[in-house]
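Got your viewer open? Here is a walk through one model, stop by stop, with something to select at each.

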Amino acid sequence: MDNSHISEAPSLDVDHNDHPAMRSSSGAWKSASFIIGNAIVERFAFKGIETNLINYLTGHLGESTAAAAANVNMWAGIATLTPLLGASIADSCLGQYRTIVLSSLLYILGLGLLTLSVLLTSGSPSNCISSNRMTSSCYPSHLQVVFFFFSLYVVAVGQGGVKPCLQAFGADQFDQRNEEECKAKSSFFNWWYFGLAGGVALSVLILSYIQDNVSWILGFGIPCIFMVAGLLLFLLGTRTYRYSIKKDEKSPFRRIGRVFVASAKNWRTTPPLLAAEEMARGNLPHQQGSYQFKFLNKALLLPRGSERKACSIDDVEEAKAVLRLFPIWLVCLGYGIVSAQPSTFFTKQATTLDRSIGPSFQMVAASLQVCRALTLLILIPIYDRIFVPITSSFTRKPSGITMLQRIGTGIFLFIITMVIAALVELKRLKTAEEYQLVDMTKATLPMKAWWLVPQFICFGISDLFTSVGMQEFFCDQFPNELRSVAVSLCSLTSGLGSLLSSSLISVIGKITSGDVGDGWFCDNLNRAHLDYFYWLLAGFTAIEFAVFLFFAKCYIYNTSTI
C-alpha cells in the first residue's frame, strides 16, 4: 500500500485548502509540535491561576480556609466540566479547529477581565481593617468579588473549548492506518503530558513567586499575555494540520442516542425467526464485544408499519462501545477526588512549615507543587524510551502494558500517596504540639517543608500512569467522531471529583465541628485533622481500586477504532 497519500484510505483527511492531505507535508509530529506548544502555554496560564488561588482567596478576599478550599474545588470542578460542552460543540457542529480558535479568544478575554478585577480590588479603599501586623489589609466590596468570580468562570468556560479539542486534534494528526504513525500516536500521549508538566512546572515556579512577592496583578496578567502568544503559535501551524471530514451528516450524538431510544421502544418487540437469525449470525460483526449488551440489538428491528429506517449495525456497535466505557469512567471519579488535594490542603500545610532555603530566601508555599510536575518531566522520557520497549519485549504489546493496566497501577499508587500524606500530617501536628505552637497560627513550625515532597512525587508517579493512561484509553476506545468528547471525559473525572471533594469537605466540616468550631478543616490547621481526611481518602481509593479491577477484568477492548 502506498502511504504517500492520505486520501487512499476510507477516512477523508484534508489540508487547509480542502485538498487531500499529503503525508509528507502534513500531520504527524510536524503538526503535533504546534499543538503541544499551544497546550504548554494553556497549562502555564491555567495553573498560574489555579495553583495559588487559595492563598489569594484567604488573603486578599478574606475567606476562611474551608470556604476558600471549597471555592477552589468548585471552580476547578466547573473548569473540568466545561470541556464536555466544548467537545460536544466541536464534535457536533463547529469542528475542533474552529472551536479551539473561538475558545482561545474567550479564554484570553477571561484572563484579561481577571487581571482587571485584581487591579480594581488591589486599589480599593473600602472595607479596610487593620491586621495583627499593623499593616493595611483592604477587603474588596461585594460587587468587586462578584466581578472577580465572574472573570474566573469566563476563564473556565474558555479553557473548556481549548483543552479537549487540542488533544483530540493532536491525536488526529496521526494516521492509524500507517504503522509508523500508529506507533507514534501512542508516544504522542506521553509527550503531550510531558509538555503539560513542563508548562505546569514553569507556572508554579515563576508565577507563584511573582504573585506572592511582586504583584498579583502581574501574576494574573502574564498568563493573559502567554495565551495570546499560544493562539498565534497555533495559527502558525494551520497549513500543516490534517482536518477530518465527517463520514455521516448526522450528529454522532444523534446516532448513538437513537440506538438507545429505538432499543427502548422495541423492548417488547419479538423479531421474526428469520430476522432473529440474521441478527444473531449475519448482520452483526464477528467480534467479541458484539455479544455484550444484546438488548441494544433491538434497535436493528423495524416495527411493522413504521416509515422510519432502523438503526445501522455500526450505530449499534458505537452505542455498545460507549456503554462499555461507562463503568470504567465512573470508577475513575475517585481519582478526581484525590487529585484535588495538592492545590488546596497540601498548599495550606506548606504555609505552616519552614520553607527557608539558605539564610535569606524563603520558598513560596505553592511552589512545592512543582515537585509533581518535575517528577513527570523526569519519568515520562524514561517511561517512553526505556519502560515501554522493555515491557513490550515481554508482552508483545506496542505500549508495553495495556491501557487499563496502566490506569490500575496509578490508582494503586494513589493509595500509597494518601497514606504518606496522612503520616506526614500526623508528624506536622505532633511538631506543633511538641513546641507548644498549636494556637500560634502565625508561627512557622520547626519542620522543613521538604517533608511534603514525597507525597507530591508520589502524585506525579501516579499521574504518569493514571492520567496519561486514561487519556489514551478514552481516545482509543471512543468512536472516532467523538474523540473530543473522549478527552473531555478525562477532564470530567477530575471535574466531578473536585466537586465531590468540595461537597465532602463541606459535609465533613459540619459533622466534625464542635461547639468551639474546631473540626477536621478548621482555619487553625494545627487544631485541624487533615490526617483523618487523608486516611479516609486512602480507604476510599482502596475500595475504588478493588472495583476497578473487577470492571477492568470484564472489559472487552474495542478494536474498530483502529
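In which helix does Met403 lie? Select Met403 and you land in helix H14. Keep in mind as you click around that this is a predicted model.

**Stop 1: Met403 and its surroundings**

Show the neighbours of Met403. Leaving out residues up to four places away in sequence, Met403 touches Gly469, Glu472, Phe473, Asp476, Gln477 and Tyr557. Pick Glu472 from that set and check the C-alpha atoms: Met403 and Glu472 are 7.2 Å apart in space, yet 69 residues apart in sequence. Now switch on a surface. Met403 counts as buried because its relative accessible area is 12%, and the cut-off for buried is under 20%.

**Stop 2: zoom out**

Colour by secondary structure and you get 17 helices and six strands. The protein has 562 residues, and 55% of them are buried. If you like contact maps, try one here: of the contacts between residues at least 6 apart in sequence, 80% join residues at least 24 apart.

**Stop 3: the nonpolar core**

The largest nonpolar core has 143 residues. Which members touch the most others? Select Leu57, Phe148, Phe234, Phe473, Phe474, Phe533 and Tyr534. Helix H14, residues 403–434, gives this core its largest share, with 12 residues.

Centre on Phe148 for a closer look. Beyond residues up to four places away in sequence, Phe148 touches Leu53, Tyr56, Leu57, Leu61, Leu114, Ser117, Val118 and Phe220. One of these contacts, Leu57, is also on the list of residues that touch the most other core members.

**Stop 4: a buried Asp**

Go to Asp463, which sits in helix H15. Is Asp463 buried or exposed? Its relative accessibility is just 2%, so Asp463 counts as buried. Display what surrounds Asp463: apart from residues up to four places away in sequence, the contacts are Tyr193, Tyr335, Arg372, Leu376, Phe414 and Val468. Hold on to Tyr193 and Arg372 for the next stop.

**Stop 5: the cavities**

Run a cavity search. How many cavities of 30 Å³ or more does the structure hold? There are two, and the largest contains about 790 Å³ of space. That cavity is lined by 39 residues, and those closest to its centre are Arg43, Lys47, Lys163, Tyr193 and Arg372. Tyr193 and Arg372 are the pair you kept from the Asp463 contacts.

**Stop 6: salt bridges**

Side chains of opposite charge can pair when their charged atoms come close. The count here is eight salt bridges; three are worth a click.

- Select Arg527 and Asp439, whose closest N and O atoms are 2.6 Å apart. This bridge links distant parts of the chain, 88 residues apart: Arg527 is in the loop between helix H16 (483–512) and helix H17 (530–554), and Asp439 is in the loop between H14 and H15. Arg527 is partly exposed at 38%, while Asp439 is exposed at 53%.
- Select Asp354 and Lys448, with an N to O distance of 3.2 Å. They are 94 residues apart, with Asp354 in the loop between helix H12 (342–351) and strand S5 (356–357) and Lys448 in the loop between H14 and helix H15 (453–477). Asp354 is partly exposed at 23%, and Lys448 is partly exposed at 34%.
- Select Arg385 and Asp384, where the N to O distance is 3.5 Å. Arg385 is exposed, with a relative accessible area of 56%, whereas Asp384 is buried at 9%.

**Stop 7: cysteines**

How many disulfides does a search of the whole structure find? It finds zero. For two cysteines to look at, try Cys224, buried at 15% relative accessibility, and Cys332, buried at 0%.

**Stop 8: positive phi**

Finish on the backbone with a Ramachandran plot. Arg396 has a positive phi of about 65 degrees although it is not a glycine. You will find Arg396 in the loop between helix H13 (370–395) and H14, where it counts as exposed at 71% relative accessibility. Gln436 is also not a glycine, and its phi is positive at about 55 degrees. Look for Gln436 in the loop between H14 and H15; at 68% relative accessibility, Gln436 counts as exposed.

Notes:
Residues numbered from 1 in each chain as written. Predicted model: local features only at pLDDT ≥ 70, side-chain atom pairs only at ≥ 80, totals over all residues. Heavy atoms only, no water. Core = buried A, V, L, I, M, F, W, Y, C linked by side-chain atoms within 4.5 Å. Buried < 20%, exposed > 50% of the residue type's maximum accessible area, 1.4 Å probe, protein only. Helix = DSSP H or I, 4+ residues; strand = E, 2+ residues; numbered from the N terminus. Contact = heavy atoms within 4.5 Å. Disulfide = S-S within 2.5 Å. Salt bridge = Lys/Arg side-chain N within 4 Å of Asp/Glu carboxyl O. 1 Å grid on protein atoms, 1.4 Å probe; cavity = no way out; pocket = protein on both sides within 12 Å on 5 of 7 lines; lining within 4 Å. Points joined across faces, edges and corners; volume = space filled by probe spheres on them.
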